[in-house]
Amino acid sequence: MAIISLLDIAKRGLLAQETALGVVGQNISNVNTPGYTRQVTELESDPSTPTAGGVLVGTGVHVGAVEAVLDPILQQRLLRAQADTQHDAALHDRLAALATSLSDVSDPSLASAVNDFFDAADALARNPGGLAERESLLGKANLVASELNRRSSFVAGQQRDADDRYVNVVKQANADLGHLARLNASISAAEIGGQRANELRDQRQAVLSDLSGLLGTTAAENEDGSVTVSAANGAVLVAEGSVVHSVAVRAQGTGLDGASLHEIGLVDTAGAFIAVPGAFPGGEIGALATVRDGQLVTASGTLDTFAGALVGEVNRVQTNGGAGAIDLDGHSTASSPFFTGTDAKTIAVALTGANAARKIGAALSTQPGDNQNALAIAALRNAGGIAALGNIGFSSYLAQATAQVGEDAAQAGDAAAASQSLQNQLQTQRESISGVNLDEELSNLLRYQRAYQASAQVVNVANQILDDLLRLVP
Amino acid sequence: MTIARVSDSQTFSLLVDRTGQLQVEIRQLQEQVASGQKLLSPEDDPLAAAQATRVRASIASLTQHGDASDFGSQVLGAQDQALGDAENLLVRAEEIATQQASGLVSQSERDAAREEVHGLLQALTASGNTELAGRRIFAGLALDAPAPFADPDSAGYSPATAYDARYTQDFYVQTGSAASERVRVTTKGDQVFEPALQALSDLDAALAPGGDVKGTLAELKQGRDALAAERSSVGARQSQLTGRSTQLQALVVQEQKSLSAVNDVDLVSVIARLTQTQTALQATLAAGSQIARTSLVNLLQL
């Protein structure tokens, strides 16, 4: 073996250790980079060559590859978990807000406003001629109406908010689709030589995760390193370096506030909108659609049913079923209903003006002190079997509605906690495989540093041998 | 799940996540301590939330029935007082009639007795016109209404027509949820006072020269009996309302206990959990700090 060969071996060793040190440095500098996959240097010994004596001797070392340490199956599971987590969290956030705002567990609440209204009716029954009692009843009725109006407006606002977010999610998703197509192209180009574009792949994984969280999409890797992104119904969104179908929204249906709602669809290369019902049931967009078209509509319906029943029942008593009760001035109330409106949005007190309180039909006769009809209004509090409410009473209906929104939110909360827990587990698994451990990297740093020093020492030794040989030359 | 190695990111994420969870828990516990309620949203316990809504409605209803019972009891108490006064007037009238019926009294004594009887008639009329907080207790509890009984000194006065015919409405208070759980608290003044007024009016006339005083004794007794009978009825209804009020108060207390059970926080338990959670937070932070120091970076003094 020639002395010069020894220098070559030392040189290759220096270059290989230098590269390995560079990889360690890259890992250390990305220790806090979200989604970063640690890399390892694959060192391979160079092939042996025969010496003058015919003995095979190795020729050094080279870097075979710089590999990202990851589990592709785990990456896929993480994408699905991201879709579930974002879906369940969005659902829970919206339902929890709904449950809190429609809550009757603490004052002020609709239940307490209704109780106050009937309390005032009871007070009127004790003093049917009292103007103060009459004014109080009107005031409490106004509170009930405004609380129903407020809740109706809140639910409609929640639905509009969900629809606005729905539209924004589609915009974000389109940006992600374009980004993915570009990354696909870059990765395919970079990996033509057989090396892996680890950093680009990490970037793409982050975008895939974001998109999966938004739309619940799936991704499959191709041989050229690109990924094909698909919707739940199999429609391809991104293939290789192109966006095959972008996503878009169009007006579809009417919201509780009277304005249009939207539905997601695909856009083909010619720009035509393709409706794809059921293509995006997962991710945040699936949750938004579920809440917007499901629970919020149900909650609004519940409020409307309650308001309609209250209007109907109180007016029935106020007008004595159309036969007319008697107001404080002895007039018939047959054409003088207590409430106007038909639902939570439109309910209002019909008795207005300077003499409004006198128009309450507290009596069934013109005799002074008659409180029969005031008693009938107060008795509505405990009336069961109200047909419009499904044959139960007002307080039972509110209790049922409270339980329903609470149960929806609690179930969504449980689901969100479960999916978050699963994602955390998967993330822990991923980190245990792909995450950077500084202690490990520092050990590697020392290891490659020592190897580098040793290779340098080989150069030194080869140099000394050459010096010794050269001194033999006269 | 087996973890073979731990990344630095994982260590710090775990620390941040756990710290965040504990801080959220502490905030929730603080909210419970501050509000005294464990049920802050229907999501916390949907069934308990529904139960709380029902119980609150029940408490409101029971309280109103209690208020109605108390009000009725108050009205009947005032009626009892007025009827008792009226009975005493009739007793005094019977004494006068008995004295004047002997025939041994002079005309001047009869004139004096007549004047007293006329005063009794006015007093009885005033009893019939008794007001409670501006409401006529023998006239359907009408508010700010004119006196139902005419002044005995008014022209053309007659006990038979002294009562204003408009006041014939019975007034009930609702003491329970069922339609039948009502108690009448009014006493129709004409039915109760008219015999007594008539008797006093007749005695007044009989005390005039040549009048038959003796003949009014039976009528006075009838008038007194009518008052006593109504007083007895009033007493019975007042007793019923008093009993109902006591019962309703007990029911309200029971319902408040139920509400408290589902809604109110157990302070001892919550404060214990708060302390425990704060300790866990301190331990988590201390452990995080300790783990951060255990690194090759420190040991190699790089």
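Which residues are buried in H9(A)? In this predicted model, local features need pLDDT of at least 70 and side-chain atom pairs count only at pLDDT 80 or more, while totals for chains, interfaces and linings use all residues. Residues are numbered from 1 along each chain as its sequence is written, and chains are lettered from A, with ligands numbered from 1, in the order in which they are written.

Glu441(A), Leu445(A), Tyr448(A) and Ser455(A) are the ones that are buried in H9(A); that takes 20 or more other C-beta atoms, placed from the backbone, within 10 Å of a residue's own (exposed is 12 or fewer, partly exposed in between). They pack against helix H1 (3-29) of chain A, contact being C-beta atoms, placed from the backbone, within 7 Å. H9 itself covers residues 438-472 of chain A, 35 residues in all, and spans 51 Å from first C-alpha to last, close to the 51 Å expected (1.5 Å times one less than the number of residues). Helices here are DSSP runs of H or I with at least four residues, strands are E runs of at least two, and both are numbered from the N terminus.

Now for the strands. E9 (246-254) and E10 (260-267) of chain A run antiparallel, joined by seven bridges; pairing requires at least two DSSP bridges. Ala248(A) sits opposite Gly265(A) of E10(A), and in the hairpin, with five residues between the strands, Gly258(A) adopts a positive phi near 90 degrees. E10(A) also pairs with E11 (273-275) of chain A, antiparallel over three bridges, with Leu266(A) opposite Ile274(A).

Methods
Two residues are in contact if their C-beta atoms, placed from the backbone, lie within 7 Å.
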